[in-house]
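Hi there,

I am passing a structure on to you, and my notes follow below it. Have a look whenever you get a moment.

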Amino acid sequence: MKKTLIILATLALGFSLPVHAKGDYEAGKAKSTACAACHGADGVSSIASFPKLAGQNRDYLYHALKDYKSGKRNNPLMAGQVQNLSDADMLDLAMYFSKQKGLTLKY
Amino acid sequence: MKTTTMTLCASVLLVLALPVQAAGDPKAGQVKTSMCAGCHGIAGWRTAYPSVYSVPKLGGQHADYIVAALKAYKSGERSHPSMKGIAGSLSEQDMEDLAAYYASSYSGPAD
């Protein structure tokens, strides 16, 4: 009986925890203005040295931002940009750019 | 006067003749994708090591950026074990060709 309760409690806890915070599209859009100068307003950059972000996988974009912030991915330009971004900011930005039309899966 | 004009013409011709960057060939790139497609060509594919996230989409990305990324992986400036191994086996021409392929709309020979 006690065991059942513990199992139920564990299950309930599991369901109540978000698997992964997804980010907010509108908040991301509002925060994306700083990115637009290089990456384009909708993530389609017109400068070949700056990657297109539009349509990129959401979790890849988030991962890249985190790596720039931690310094694992070393890029002076991006390091400055992400310095003041919170985890929520990164999730929001990743959500916004992943929903734009641009990059595609190519075999 | 004549010398100036001649010099100008020669300079213009020289600039036109020099490629800004060694251009890759999408068709040559397409046949080199076997190492890439196993991860980048599969919808929703995620890397498992060293951390888990979806591999980036490459279709339509700028060729210059792809070449820069591959070079950074090869030099170790950008760290990822699998990509270091793969990029390390590529020549600069391979990188240019692969980048041209992914940046272009060419998707292989018609059957």
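Which elements of chain A have the lowest and the highest mean pLDDT? This is a predicted model, in which local features need pLDDT of at least 70 and side-chain atom pairs count only at pLDDT 80 or more, while totals for chains, interfaces and linings use all residues. Residues are numbered from 1 along each chain as its sequence is written, and chains are lettered from A and ligands numbered from 1 in the order in which they are written.

To the question, then: helix α1 (residues 2-16) of chain A is lowest at 63, and helix α6 (residues 87-98) of chain A is highest at 98. Here pLDDT is the predictor's confidence in each residue, from 0 to 100, and helices are DSSP runs of H or I with at least four residues, strands runs of E with at least two, numbered from the N terminus. Chain A averages 89, with 84% of the residues at 70 or above.

α6(A) also packs against helix α4 (residues 58-70) of chain A: their axes come within 8 Å and cross at roughly 140° (lines fitted to C-alpha atoms over the stretch in contact, with angles from 0 to 180 degrees between N-to-C directions). The two helices are therefore oblique to each other, meaning neither under 35 degrees (roughly parallel), over 145 (roughly antiparallel) nor 65 to 115 (roughly perpendicular).

Between the chains, the contact (C-beta atoms, placed from the backbone, within 7 Å) takes 20 residues from chain A and 21 from chain B. On the chain B side, α4(B) gives the most, with four residues.

Best wishes

Technical notes:
Two residues are in contact if their C-beta atoms, placed from the backbone, lie within 7 Å.
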